[in-house]
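Welcome, and take a moment to turn the model around before reading on. The paragraphs below walk through it one region at a time.

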Amino acid sequence: SEAPIDTAIEMRTYSVHVLFLLPWLLSAVSGEITCAESGNPTACYPPYRADFAAGVLPEASNTCGLAGPERVCYPLGSRGRVAGSCDFCDAADASLAHLPEHITDSEAVTYWQSQTLTFSDAVQYPSSVSVTLSFNRTLEIREIVATFHSSRPESYTILKSTDFGLTYTPFHYFSQSCNATYGVAEGTVVEVGNEAVPLCTSEAAQLVPSSGGQAIFRPLMHRPSAANFESVPELQKWVMATDIRLRLDRLNTFGDEILSNNPKILDSYYYAISNLEVDARCSCNGHASACVTGPGGQLECVCEHNTAGADCSECLPTHQAVPWAPATPDDPSVCRETPGSPVFLGSLTTNANNVQGNVFALGERTLMLTEFFYDGLAPTARFYVVRGPSVTSPDFRILLDETGSDAPLREYRNETVVLFLPLDVTVHSIDWFSVWEVAFNVSFGELQLPDNITFTTPESPANVSIQFNPVEYRVRESAGSVTLVLEKTGRSN
């Protein structure tokens, strides 16, 4: 008989190859896993919602009637008002109040209003009035729609913050004087590689209508790479915002506020907004398909792919084998479990084609072959994992090779190979590992996995450490221990 295998790994330097698994042919994905197709992890995203602004309490830099009743007069075309008639704005009187919360209360008849030119010259250029919505989390903005109760401003800006209101940058300009006011020419063409730039348009800055006009902004409009949004990091960052600010920069007037002595003229110039809608989704970095209200009342991503955090922006403490990365359509960037001490599972039988090697488990979803040999001569050999009483059981999964290809296995000479199992599979749910010749339906070598596989905790592995190397996967010699140096070189399944 052969000498027993020492379960301590002999320390050498090996080239390490990463293998990817196809789905179980006869089993479904767990109901808790939604970021997957046929068992393989995929990038996923929460659905868009048009009501992200609903109920959010806006902040306004200027509001009429806070210091007492202020007269407001209505120009021709004002909704529900006789031209030239006047009324009062009084924040202390519910029937006369026009407060910031009226912008997002979903009531068609309510609206926020600034002071008029009579009470504050701070409402006119070069001063400005701002209305801000804070969402307390990162969103990906698809559309912003502002509906004005007054005429739309001559110049105004949508700004965004990505640091919870500490700083703001322009998102879009609306103006009848784009170049003169903002230094941005209307009709500027956006170029690939420089798409995260604010544009300026004049259509939504016209004086008419006097009430009910809208401003609609879609961040991906006129961006040449919009069709490939999920694969363009520049655009993904461009649509992100934690806060949205509408800055009203210049009133739309006929100039008569300067020439006329009629006090009704100054009382008829002000800003008023009846509704502000934000169509968006939670930003979850491609690692969640749902966003729900958490214990603290804030929206949180329901993270998958072994990620964590409100935005799925980090790996779980137990899954630090590879650096965190956002998911893309080409790579779901699954966080891989931190290996514990290698658990020796057994040695492959040598049935044919010089197949031999040892099989270790580094964790629930990580296998490692050491001193692996195969002559590469069979026409359709593959790595198999099998569930069932026999290696010939029909419930199996084919493993892709180290390049992510399903081509026949190449030759291996004394190599170490690390396999990451898919999210719905663990070492406890498979029974066999095999080098299988598909055409002849025969195993060149197999191992039946033992029962009751247990691991040391990943937080404090006994003799395995992990380093990141931007070139390739390796297992390096380290006196008395194994060091895995991991970096993704293909699709992370």
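Phe 383 stands opposite Val 435, a residue of strand S25. This pair belongs to the contact between strand S22 (residues 381-387) and S25, which run antiparallel and are joined by 6 bridges. Keep in mind as you look that this is a predicted model.

Now follow S25 to its other partner. Strand S26 (residues 442-448) pairs with S25 in the antiparallel sense, again over 6 bridges. Here Phe 433 of S25 stands opposite Leu 447 in S26. The two strands form a hairpin with 4 residues between them. In that turn you will find Asn 441, which has a positive phi of about 55°.

How many of the residues of S25 are buried? The strand covers residues 432-437, and 6 of its 6 residues are buried, leaving S25 mostly covered. Its side chains point two ways: Trp 432, Ser 434 and Trp 436 go one way, while Phe 433, Val 435 and Glu 437 go the other way. Residues on both sides are buried, Glu 437 among them.

From here, move to strand S14, which spans residues 272-282. Of its 11 residues, 9 are buried, so S14 is largely enclosed by the rest of the structure. Two pairings of S14 are worth tracing. Strand S8 (residues 129-148) pairs with S14 in the antiparallel sense over 9 bridges. Along this pairing, look for Glu 140, which stands opposite Arg 281 in S14. Strand S7 (residues 112-113) also pairs with S14 in the antiparallel sense, over 2 bridges. There, Gln 113 stands opposite Ala 272 in S14.

The loop between S14 and strand S15 (291-293) brings us to the disulfides, as Cys 284 sits in this loop. A disulfide is a covalent bond between the sulfur atoms of two cysteines. Within 2.5 Å, a pair of cysteine sulfur atoms is counted as such a link, and by this rule the count comes to 8 disulfides. Three of them are described next.

Cys 284 forms a disulfide with Cys 301, their sulfur atoms 2.0 Å apart. Which hand does the disulfide of Cys 284 and Cys 301 have, left or right? The torsion about its S-S bond is about -85°, so the disulfide is left-handed. Cys 301 lies in strand S16 (residues 299-301), and the pair, 17 residues apart, links distant parts of the chain. Both Cys 284 and Cys 301 are buried.

A little further along the chain numbering, Cys 303 is joined to Cys 312 by a disulfide with an S to S distance of 2.1 Å. This link is left-handed because the torsion about the S-S bond is about -100°. How covered are its two ends? A residue counts as buried under 20% relative accessible area and as exposed over 50%, with partly exposed in between. Cys 303, at 24% relative accessibility, therefore counts as partly exposed. Cys 312 has a relative accessible area of 0%, so Cys 312 is buried.

The link of Cys 73 and Cys 86 has an S to S distance of 2.0 Å. With 95° about the S-S bond, the link of Cys 73 and Cys 86 is right-handed. Cys 73 belongs to strand S5 (residues 70-73) and Cys 86 to strand S6 (residues 86-89); the two cysteines are 13 residues apart and link distant parts of the chain. Cys 73 counts as buried because its relative accessibility is 2%. Cys 86 has a relative accessible area of 31%, so Cys 86 is partly exposed.

Next, look for empty space inside the model. Rolling a probe the size of a water molecule over the atoms shows where empty space is left. There are 3 cavities of 30 Å³ or more, and the largest cavity has a volume of about 60 Å³. Residues that line the largest cavity include Asn 306, His 319, Cys 335, Arg 336, Glu 337 and Phe 420.

Finally, step back to the whole protein. The protein has 4 helices and 29 strands. Of its 493 residues, 51% count as buried. Among contacts between residues at least 6 apart in sequence, 68% join residues at least 24 apart. The protein exposes about 21800 Å², and carbon and sulfur atoms supply 53% of that area.

How values were computed: Residues are numbered from 1 along each chain as its sequence is written. This is a predicted model: local features need pLDDT of at least 70, side-chain atom pairs count only at pLDDT 80 or more; totals for chains, interfaces and linings use all residues. Side-chain values use heavy atoms; hydrogens and water are left out. Buried means under 20% relative accessible area, exposed over 50%, partly exposed in between (1.4 Å probe, protein chains only). Contact means heavy atoms within 4.5 Å. Accessible areas come from the Shrake-Rupley method with a 1.4 Å probe; for residues, only the protein chains shown count as cover. Two strands pair if DSSP finds at least two bridges between them. On a 1 Å grid over the protein atoms alone, a cavity is a set of points where a 1.4 Å probe fits but cannot get out, and a pocket is an open set with protein on both sides within 12 Å along at least five of seven lines; lining residues have an atom within 4 Å of a point. Grid points are joined across faces, edges and corners, and a volume is the space filled by probe spheres set on the points.
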